[in-house]
Amino acid sequence: MQHSPDLMSFMMELKMVLEVALKNKQELPVLPPPPQYYSSLIEEIGALGWDKLVYVDTGFSTIKLKAEDASGREHLITVKLKAKYPAESPDCIVDFPVSFSVSWTPQSSLISIHSQFLAALESLKAFWDVMDEIDEKTWVLEPERPTRGATARRIALGNNASINIEVDPRHPTMLPECCFLGADHVIKPLGIKLSRNIHLWDPENSLLQNLKDVLEIDFPARAILEKSDFSMDCGICYAYQLDGAIPDHVCDNSQCGQSFHQICLYEWLRGLLTSRQSFNIIFGECPYCSKISPLIKKRLTPYLDFLGDMKLKKYFPNCIITPFLI
């Protein structure tokens, strides 16, 4: 401090000295756990059953265990042990549609984790039964490879239309959140049927059977049709997938019916000199139609202004209402 002309110079020199000291500091080696740590873990795995062990790393800090639910599906749980195990609760990673946490005490072990894992599997059995039936008996467009934690399915309906459902894992046979995607002349009658027949929904039946009864349709069968029958490429980028998204907007002109990616259609409309924008609505022509067919893009929101859409439809009966973000 005595050799520094002012406080600012002193602080700068001190900062440089500390940085050099920290840079040259040797990191202390991490001591491995005591032998009792490994022997107790081996005893726990033996008591649980070696057939339930899928993976263990060389340091015995990450362990993967497997279990089957009542329907025979195999599930994995990854257990990350901390240095003070079992005094400290381990971190558990699972592929569930709901959160999973273990009840832990210093006396707990891998056996208690596995038993709580089994109990959670049993509570979600009905959900996975519902989702497996959908995956096996319908053409699911998205996600392509659903995980056990995925609660949404976009199911092909035919005629370039689909329905996106969001299933409640705790009440899987109740009416899910539904969103129809496709040309208005195709999906509007389905929406009317859903509203008219909603009283027919029976939680005692499977979700798929209820959807068939309420919508008065048979979903395209996997045994008869191929996925390519529903996989229509985007009419702008000529690709099916774009950054993981598939075409989800369809021209409402029954003579056209071309599908587009949301972002492709948005960029196309923005590049047209004839397009015009009013707040968050863009008016433009379909790239494929010879007729004037306004395309209306609406802000993506979980609460659509249905009445506003109906007013727009009154003046633009051939328009497409497609969500997007501005």
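A contact here means heavy atoms within 4.5 Å. On that footing, 46% of the contacts in the protein chain with a separation of 6 or more come from residues 24 or more positions apart. The model is a predicted one, and its protein chain holds eight helices and 14 strands. Of the 326 residues in the protein chain, 39% are buried. The accessible surface of the protein chain adds up to about 19500 Å², with carbon and sulfur atoms taking 57% of that.

Start with the sheet built from strands 1 to 4. This is an open sheet of four strands in the order 1-2-3-4, and the pairing is antiparallel. Its edges are strand 1 (53–56) and strand 4 (91–94), each of which pairs on one side only. From one strand to the next, the twist averages 20°. Going across the sheet, strand 1 and strand 2 (residues 62–68) run antiparallel and are joined by three bridges. V56 sits opposite I63 of strand 2. The loop between strand 1 and strand 2 is also where F60 is placed, and the backbone there is worth a look: F60 is not a glycine, yet its phi is positive, at about 55°. F60 has a relative accessibility of 17%, so it counts as buried, the cut-off being under 20%.

Next along, strand 2 pairs with strand 3 (residues 74–80) in the antiparallel sense, this time over seven bridges. The two form a hairpin with five residues between them, and G72 in the turn has a positive phi of about 85°. K64 faces T78 of strand 3 across this pairing. T78 turns up again on the other side, as its bridge partner in strand 4 is I93. Strand 3 and strand 4 run antiparallel, with four bridges joining them. The loop between these two strands contains P86, and the peptide bond that joins Y85 and P86 is cis, with omega at about 5°.

The other sheet described here is again open, with four strands in the order 5-6-7-8 and antiparallel pairing. Strand 5 (140–142) and strand 8 (177–181) are at its edges with a single partner strand each, so one side of each has no neighbour in the sheet. The twist in this sheet averages 30° from one strand to the next. In the middle, strand 6 (residues 152–158) and strand 7 (residues 161–166) run antiparallel and are joined by six bridges. One of the pairs is A156 with S162, its bridge partner in strand 7. Helix 5 (residues 184–197) packs on the sheet, where it touches strand 6, strand 7 and strand 8, and its direction makes about 155° with that of strand 8. There is a cis peptide bond in this part of the chain too, running from E142 to P143 with omega near -10°. P143 belongs to the loop between strand 5 and strand 6.

That leaves the helix pairs. Two packed helices are described by the angle between their axes and the distance between the axes. For helix 2 (residues 35–48) and helix 3 (residues 110–123), the angle is about 40° and the axes are 9 Å apart. Helix 2 and helix 3 are therefore oblique to each other. On the helix 2 side, the contact uses L41, E44, I45, A47 and L48, which meet L110, I111 and H114 of helix 3. Sorted by class, this contact has six nonpolar residues, one polar and one charged.

Helix 5, besides packing on the sheet, also meets helix 6 (residues 207–215): the axes of the two come within 8 Å and cross at roughly 105°. Helix 5 and helix 6 are therefore roughly perpendicular to each other, a label that covers angles of 65 to 115 degrees. In this contact, L190, K193, L194 and N197 of helix 5 meet D213, V214 and L215 of helix 6. By class, the helix 5 contact with helix 6 has four nonpolar, one polar and two charged residues. Past that helix, the loop between helix 6 and strand 9 (249–250) holds E216. E216 has a phi near 55°, which is a positive value in a residue other than glycine. With 43% relative accessibility, E216 counts as partly exposed.

Definitions and conventions: Residues numbered from 1 in each chain as written. Predicted model: local features only at pLDDT ≥ 70, side-chain atom pairs only at ≥ 80, totals over all residues. Heavy atoms only, no water. Axes fitted to C-alpha atoms, helices over the stretch in contact; angles between N-to-C directions. Parallel < 35°, antiparallel > 145°, perpendicular 65-115°, else oblique. Nonpolar A, V, L, I, M, F, W, Y, C, P; charged D, E, K, R; others polar. Pairing = 2+ DSSP bridges. Buried < 20%, exposed > 50% of the residue type's maximum accessible area, 1.4 Å probe, protein only. Areas by Shrake-Rupley, 256 points an atom, 1.4 Å probe, with all protein chains shown as cover.
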